[in-house]
Amino acid sequence: MRDRPPSAPEPPPAPGTWRRVVRLFMPYRAAVCVLVVLIAAYSALNAAVPLLTRVVFDRALFGPGGPDLQLLALIAGLAAAIACGVGVVDLGQTWLSARVAQRVVHGLRTEMFGRLQRMPLAFFAAERGGEIQSRLAGDTTQIEYAVKDTLPGALSGLIGFVVAAGAMVALSPVLAGVALILAPLVLLVASRSGRALSTLSADGQRTRAELSSIIAERLSLGGVTMARVHGRRQEEAAGFAAESERLARLGIRSGLVAQLVLSVGHVFFVLTPYLVFVAAGLTGGITPGTLVAFTVLQARLHQPLWQILHISTEFRAAQGAFERVFGYLDLQPEPETGQSPAPGPGALAVREAGFRYPGTGEEDRPALYGVSLEIPAASTTLVVGPSGSGKTTLGHLLAGLHPPTEGTVVIDGTEFGAPLPGRICIATQEPFLFQGSVADNLRYAAPGATMDDLVRSCRITRIHERIAALPDGYDSPAGERGALFSGGERQRIALARALLADASVLVLDEATSALDPLTELKVVEAILAERAGQTTVMITHRFGVLDSFDTVVALEEGRVVEYGSRLDLLGDRHGLYARMVRAQTGAA
C-alpha cells in the first residue's frame, strides 16, 4: 500500500463526546420528553397484550364453565384497540424523532459550515478538500441516521426492557429472576466489544475521508489530465484500490466484533426460555395462562434487549462521526473583525509589516518583514520583484486575506487585518469560477447588477464577444471551475467580476498572467481608465511596457528595496526595477 499524502494534523478527539451530544438536544428537550412518553406508551401497550393472553387462557378459554365467548369478544376488542393505539403512537414517535434529528443535524451542519468559512486560508491550504467534504456530508449523514433511528431505538429498547421485566416480575418473581440471570453477562460482552468497535469505527471514518480526498483530487479535470500526461493511470487505480481494500478489511473486522455481541445475545435468547420451563416445572402454582403469558413476555424482553445490543454497535460507530464533527467545531477561526471602517477614498498604508506563513520554522526567512509604504487614494501602484520576493503575500495583506504577523495595514486611517467586502477587492492569478452560468459568476460580486452592467464590465476586459458567441450567451454554463474557458478567458471573466464589485481599492495579483502581451496591455489600460479616481494596485511579472502607474514598489527577499515613480526608478541603471525592465524589453 502506498503512503498516504500529507494532510493537516488530525484534530484531537473532542472531550466529553457524549456530554456534548446530550447538550445538542437541550434546545429540543420538550420534544425529547414527549418522545420518551410516546415510547413508554408504546412499550406499555405492547406489554399489555401478553397480560390479555393470560386472561384468555386462564378465564376465557379454560376457566370454570368452559369457553366464555362474551369475554373472548371483549378481549378481542381490547386487543384491536391496543393495536390501533400502538400504530398511532408509533407513527407519532417516528415523526417526532425524525423532526428532532433533522433539527439537530441541520444545526451541526450549518455551524460547521460557518466555522469553516471563518478559518484562516492556511487551513484550506493544508487540509484536503475530500476530508472537509467527508466531515460535512458523510459524518453528518451518519449522525442523522444515529439520531433519527438509533437513539429512539435505544430508548424504545431500554423502556421496553424495563416494562417487560416489570410485567414478568408481576407474573412470577421466580421465573423473572431465571429469565434475567444471564442478561448482565450479555451486557458485559457488549460493553467490552463496544470499545474495540469504537476504535475500528474511527479508523473507518478516516479511511473513508482518505477515499473522498483521492476521488476529489484524482478524478478532477486537472488530476485526470496529469495522470494521462504522465502515464500514471495504473498507479492511481492501484492507490485507490489499496485504500478501498483497507476500508474493506476494517469493515470485516467491525462486522465480526458486532456479530460477536449478537451471537452471545443469541445464545442467551435461545437458552433462557428452557431455563424458564425448568424453573416452572420446579415451582408450584404456575398456571398454563401464566406460563403462556410469560413466554410471550420473554419475546417482548428479548426483542428490546436484542435491539439494545444491536444499537450499541451503531452508537459506537456514531461516536466516531460525532468526534470528527466536534473536532472541526473546536477549531479556532479567525477573530471577527467587527464593524467595517467607514467608506473612504481608499488610501492604504503599510507600517513595519511582516508575515510568516504557518508551519514554517523560526529559522526560515519570513515572506515579508519590515515593509513600510504609502499608497495614496485614487493612485495606481505597480508591485514588481523576482519570484519569491513576497509580492503575492503583500497583495494578500493589502486585501486583508492575511493579517500581518507584525506591524499594521491601514485603510483611510483605520487598521484592518481581514477582508473588507465593498472596500477592497482582489483578483488573483488563478480565478475561481463556480459551476453555474457566466452571469451567475459575474453577479457573485454584485447580485443586483443588470445585464447592461455585465456587458459593460466584460467589454472593458475584452471578453464580451467570446461570451456573446456562446449558444446561450451570458446564461451559458462556465463548467467545472470554469473548464469550458481558457486560462486567459477565465482571468478576464474574473477581472470583469472584480470591476462589478466597484471597490475603492482593487488589487490585481498576476490577474492578467495568462493573457498575451497585446491583450494584456489593452485590458490593463481599460481597467485603469475605468477606475480613474479609485485606488488600484497591480502585481505582475510582465511590466516592461506598462507605464500608466503613478508609483512602483520593488520587492526583493521580502523587503521593499525600491519605492518611487517609474521614471525616477528607471534613472538608477543599477536598481532592481531598471534591471528587470531591461531584461524584459531588451532596451539599452
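Strands E3 and E8 pair in the parallel sense, joined over 4 bridges. Within this pairing, Thr381 has Val537 of E8 as its bridge partner. The structure under discussion is a predicted model, and the pair E3 and E8 offers a convenient point of entry into its sheet.

Strand E8 comprises residues 535-539 and is mostly covered, with 5 of its 5 residues buried. The burial extends to both faces of E8: Thr535, Val537 and Ile539 lie on one side, Thr536 and Met538 lie on the other, and all are buried. Val537, the partner of Thr381, thus belongs to the face of E8 that also carries Thr535 and Ile539.

Strand E8 also pairs with strand E7 (residues 505-509), again in the parallel sense, over 5 bridges. Here Asp509 stands opposite Ile539 in E8. The connection between these two strands involves helix H16 (residues 517-530): E7, H16 and E8 make a right-handed β-α-β unit.

The wider sheet may now be considered. It is open and is formed by 6 strands in the order E6-E7-E8-E3-E9-E10, with mixed pairing. Strand E6 (424-427) and strand E10 (559-564) stand at the edges; each has a single partner strand, so one side of each is left without a neighbour in the sheet. From one strand to the next, the twist averages 15 degrees. In general, the strands of a sheet pair through backbone hydrogen bonds, in either a parallel or an antiparallel manner.

The antiparallel case is found at the E10 edge, where 5 bridges join strand E9 (residues 551-556) to E10. In this pair, Glu556 stands opposite Arg559 in E10. Helix H18 (residues 576-585) packs on the sheet and touches strand E3 (380-384), E9 and E10; the direction of H18 makes about 95 degrees with that of E9.

Helix H16, already met in the β-α-β unit, has a further neighbour in helix H15 (residues 487-501). Two packed helices are described by the angle between their axes and the distance between the axes. The axes of H15 and H16 come within 12 Å and cross at roughly 5 degrees. Angles under 35 degrees count as roughly parallel, and H15 and H16 are therefore roughly parallel to each other. On the H15 side the contact is made by Arg492, Leu495 and Leu499, and on the H16 side by Thr519, Val523, Ile527 and Glu530. By class, this contact of H15 with H16 has 4 nonpolar, 1 polar and 2 charged residues.

Definitions and conventions: Residues are numbered from 1 along each chain as its sequence is written. This is a predicted model: local features need pLDDT of at least 70, side-chain atom pairs count only at pLDDT 80 or more; totals for chains, interfaces and linings use all residues. Side-chain values use heavy atoms; hydrogens and water are left out. Two strands pair if DSSP finds at least two bridges between them. Axes are lines fitted to C-alpha atoms, for helices over the stretch in contact, and angles run from 0 to 180 degrees between N-to-C directions. Contact means heavy atoms within 4.5 Å. Buried means under 20% relative accessible area, exposed over 50%, partly exposed in between (1.4 Å probe, protein chains only). A crossover is right-handed if, with the strands pointing away from the viewer, the path from the first strand over the helix to the second runs clockwise. Angles under 35 degrees count as roughly parallel, over 145 as roughly antiparallel, 65 to 115 as roughly perpendicular and the rest as oblique. Ala, Val, Leu, Ile, Met, Phe, Trp, Tyr, Cys and Pro count as nonpolar, Asp, Glu, Lys and Arg as charged, and the others, Gly among them, as polar.
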